[in-house]
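Colleague: Could you walk me through this model? Short answers, please.

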Amino acid sequence: MKHYAWLFALAAMMLGQVPHQHHPPSSAEEYAKVLEDPSRDEWQKPHNVVMALDLNATDTVADIGAGTGYFARRFALHAGKVYAVDIDEKLLAAARNKAPANLETVLAMPDGPRLPRQSADLIFFCDVLHHIENRPAYYAKLARVLKPGGRIVVIDFYKRPLPVGPPPSMKLSDQEVIVEFQKAGFALKKRLDTLPYQYFLFFESQ
């Protein structure tokens with residue numbers, strides 16, 4: 001995962017695809033404002049996403065590419081523990097600000113989440129997966145992090161022109177993601193079509 005690559009994509013998502021009217025954020029502080037822009041809620045539907053995960057009070061959630069904790073803070077209200085995982089310490093500092101006590105930030109490496117073995121009941125990706133460079137190797141590390149019976153959830157943009165999000169050339173289609181996870185030993189258990197611009201996929205170990 002290139003350092004800021006996924007952030008640039010999310011900034012493009014929030015700012016829209018009008019290159020002559022906008023410039024990409026140039027600092028972690030600017031990215032933080034983009035990630036937490038209230039207008040994001042209109043189409044990201046964070047409450048609906050959290051409810052769809054059906055979290056238990058004893059669950060541990062790993063939010064990989066958590067940024068400022070947009071989802072991680074919400075997960076912490078429903079789960080026993082949340083790891084907010086990111087490669088940018090400044091964004092993780094923002095995630096820690098006023099976060100619930102059960103949220104722990106983890107400074108990851110581009111090629112791995114740096115989480116303990118069998119530490120997560122749910123691994124969550126939102127608008128991040130398509131920027132991981134060597135996904136097969138990354139998936140192998142996810143398998144070690146996941147507890148027996150755990151789930152991986154992927155939310156990412158449909159691979160077509162949309163009013164928000166990066167251009168299609170930067171995206172992974174839902175079928176590409178499904179095939180990659182199948183090759184890594186995960187089966188698609190459920191998909192939801194509740195988000196206007198993103199697919200919503202649930203995987204478990206085969």
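Colleague: Which helix lies across β4, β5, β6 and β7, and at about what angle does it run to β7?

Modeller: This is a predicted model: local features need pLDDT of at least 70, side-chain atom pairs count only at pLDDT 80 or more, and totals for chains, interfaces and linings use all residues. Residues are numbered from 1 along each chain as its sequence is written, and side-chain values use heavy atoms, with hydrogens and water left out. Helices (H or I, at least four residues) and strands (E, at least two) are DSSP runs, numbered from the N terminus. Helix α4 (residues 46-53) lies across these four strands, and its angle to β7 (0 to 180 degrees, between N-to-C directions of axes fitted to C-alpha atoms, for helices over the stretch in contact) is about 20 degrees.

Colleague: What is the strand order of the open sheet?

Modeller: The sheet has seven strands with mixed pairing. Two strands pair if DSSP finds at least two bridges between them. The edge strands, β3 (103-107) and β6 (186-192), each pair on one side only. The order is β3-β2-β1-β4-β5-β7-β6.

Colleague: Which residue in β7 stands opposite D156?

Modeller: Strands β5 (residues 146-157) and β7 (residues 198-205) pair in the antiparallel sense, over seven bridges. Opposite D156 stands Y199.

Colleague: How many degrees lie between the planes of Y70 and F71?

Modeller: Rings of Phe, Tyr and Trp (its six-membered ring) pair if their centres lie within 6.5 Å; planes under 30 degrees apart count as stacked, over 60 as edge-to-face and the rest as tilted. Y70 and F71 are 5.2 Å apart, centre to centre, and edge-to-face. Both are buried (under 20% relative accessible area with a 1.4 Å probe, protein chains only). The angle between their planes is 90 degrees.

Colleague: Which residue lies over the face of F202?

Modeller: A charge sits over a ring if NZ of Lys or CZ of Arg is within 6 Å of the ring centre and within 35 degrees of the ring normal. Here the distance to the ring centre is 4.5 Å, and the residue is K190.

Colleague: Where is the pLDDT below 50?

Modeller: pLDDT is the predictor's confidence in each residue, from 0 to 100. The protein's mean is 87, and 82% of its residues reach 70 or more. Where pLDDT is low, the predicted coordinates should not be read in detail. The stretch below 50 is residues 1-26.

How values were computed. Contact = heavy atoms within 4.5 Å. Buried < 20%, exposed > 50% of the residue type's maximum accessible area, 1.4 Å probe, protein only.
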